[in-house]
Amino acid sequence: MTENFEFKLIASDGKARRGEITMPRGTVRTPAFMPVGTAGTVKAMYMDQVADLGADIILGNTYHLMLRPSAERIAKLGGLHDFARWPGPILTDSGGFQVMSLAQLRKLDEKGVTFRSHIDGRAYEMSPERSIEIQGLLDSDIQMQLDECVALPSTPKDIQRAMELSLRWAERCKTAFGNQPGKAMFGIVQGGDVPDLRIRSAQALKAMDLKGYAVGGLAVGEPQEVMLDMLDVTCPELPAEKPRYLMGVGTPDDILKSVARGIDMFDCVMPTRAGRHGLAFTRRGKVNLRNARHADDPRPLDEESSCPAARDYSRAYLHHLVKSGEALGGMLLTWNNLAYYQQLMQGIRGAIEAKRFEAFSEETQGTWAQGDI
Ligand SMILES: CCCSCc1cc(N)cc2c(=O)[nH]c(N)nc12
């Protein structure tokens, strides 16, 4: 067990990287998919189930936890790991993205953001310093800088303004974070869909010598092609010896194509949210269990899966649960989806080690195209 935060590159295949992030609470095998545990829970899952599927790290959300139950209360109770019964590493987002997507934003200026809670309407101020303080109270292992993420499409002028503000906030977060052995603060590259701004943001953050780098400002409504083009521009500017995290991404197809461009870490609500809405991810593609065609189908989602939710329940039963609004429907499909995502990541890691990632990627995409699944 290490007292430090270290990233080690184990293998590469083209731009795809196989690595390991070691920190006191555990090792994260990369490329990694990080289940989103917004309010201290990966919705509809027990934490030991999440770990048993192969997840090495989960996400927490500063915005949600500061509003309820509050970071100070979680700190008094021993930190987020004890509170949520997750002993492994936790990455927390800084809160800015959620403020701008969920809250009634009242003011955004050099100091930070002022907003009203989407829960009770109370007013809050979030500065770079307060975001790092909250993430420290949560005892987060990987803390994200406060940033401003603009939706796409936006004007180049607004994208530049938000990118430059985020760089100034990165400096303040770095100062507030200080030196915490075993923990890390990641910078977030912004710059929208403007290549020159992306390069400037990445180069400026690289000069800050941070322990890891996220690519933000994507998966905000742009076509996949634009997202991938921005990765082609951004990743070469980031230090090869530090982990790279693409925020909010994505579908299995997004993940394969982003690993191919040098991304190491992913998070997305897709598998959990889709599971709660009746959508199953499988090796053969997506299955919408709301569809009446499943009403008499005795087959499981995937008879070869190691996950009981995929292997032991008929589509007819899953359809019944989803149509009936039974909680077990969302539980089983979330379990299936997270199992599929972790099996995909395990396959990706093995393929990079075996120097056959491109073939694995093509094979995987090919099986999704199968007919009636
Ligand atoms: C728990 C959610 C983590 S990822 C949220 C997220 C998602 C996406 N797509 C972009 C950003 C971004 O640019 N900045 C920040 N802080 N977060 C982002």
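Here are a few worked exercises on the ligand site, the empty spaces and the backbone oddities of this predicted model.

Before you start: residues are numbered from 1 along each chain as its sequence is written, and side-chain values use heavy atoms, with hydrogens and water left out. Since this is a predicted model, local features need pLDDT of at least 70 and side-chain atom pairs count only at pLDDT 80 or more, while totals for chains, interfaces and linings use all residues.

**Exercise 1. Work out which residues surround the ligand and which polar contacts they make.**

Step 1: collect the shell. A residue is near the ligand if one of its heavy atoms lies within 4 Å of it. There are 18 residues around the ligand, and Asp93, Asp147, Gln190, Gly217 and Leu218 come nearest.

Step 2: sort the shell by class. Ala, Val, Leu, Ile, Met, Phe, Trp, Tyr, Cys and Pro count as nonpolar, Asp, Glu, Lys and Arg as charged, and the others, Gly among them, as polar. The shell then splits into eight nonpolar, seven polar and three charged residues.

Step 3: place the shell on the fold. Helices (H or I, at least four residues) and strands (E, at least two) are DSSP runs, numbered from the N terminus. β5 (58–61) and α5 (96–102) each hand at least two residues to the shell.

Step 4: look for polar contacts, meaning pairs of N or O atoms within 3.5 Å; within protein, one must be able to donate a hydrogen and the other to accept it, and residues adjacent in sequence count only if both atoms are side-chain atoms. Asp147 puts a polar side-chain atom 2.7 Å from a nitrogen atom of the ligand. In Gln190, an N or O atom of the side chain is 3.0 Å from a ligand oxygen atom. Met247 uses its backbone instead: an N or O atom there lies 3.3 Å from a nitrogen atom of the ligand.

Step 5: check the burial. Taken alone, the ligand exposes 450 Å², and the protein buries 95% of that (Shrake-Rupley method, 1.4 Å probe; for residues, only the protein chains shown count as cover).

**Exercise 2. Describe the pocket that the ligand takes up.**

Step 1: fix the terms. On a 1 Å grid over the protein atoms alone, a cavity is a set of points where a 1.4 Å probe fits but cannot get out, and a pocket is an open set with protein on both sides within 12 Å along at least five of seven lines; lining residues have an atom within 4 Å of a point. A molecule sits in one if more than half of its atoms lie within 2 Å of its grid points.

Step 2: find the ligand. The space it takes is the largest pocket, with a volume of about 710 Å³ (grid points joined across faces, edges and corners, filled by probe spheres set on the points).

Step 3: read the lining. The largest pocket has 30 lining residues, with Asn61, Phe97, Gln98, Asp267 and Val269 nearest its centre. Elements giving two or more residues are β5, α5 and α11 (270–276), and α5 gives the most, with four. By class, this lining has 13 nonpolar, 11 polar and six charged residues.

**Exercise 3. Count the cavities and say what lines them.**

Step 1: count. There are two cavities of 30 Å³ or more.

Step 2: take the largest cavity, which holds about 40 Å³ of space. Its lining includes Phe281, Arg283, Asp302 and Tyr340. The largest share, four residues, comes from α14 (327–353).

Step 3: turn to the second largest cavity, also about 40 Å³. Arg29, Phe33, Asp56 and Arg349 are among its lining residues. Here β4 (32–34) and α14 each supply at least two residues.

**Exercise 4. Track down the unusual backbone spots.**

Step 1: list the cis peptide bonds. One joins Arg68 and Pro69, with omega about 15°; Pro69 lies in the loop between α2 (62–67) and α3 (71–76). Another runs from Val249 to Gly250, with omega near 5°, and Gly250 is in the loop between β13 (244–246) and α10 (252–259).

Step 2: check phi. Ala44 has a positive phi of about 75° although it is not a glycine, and Ala44 is found in the loop between β4 and α1 (47–52).
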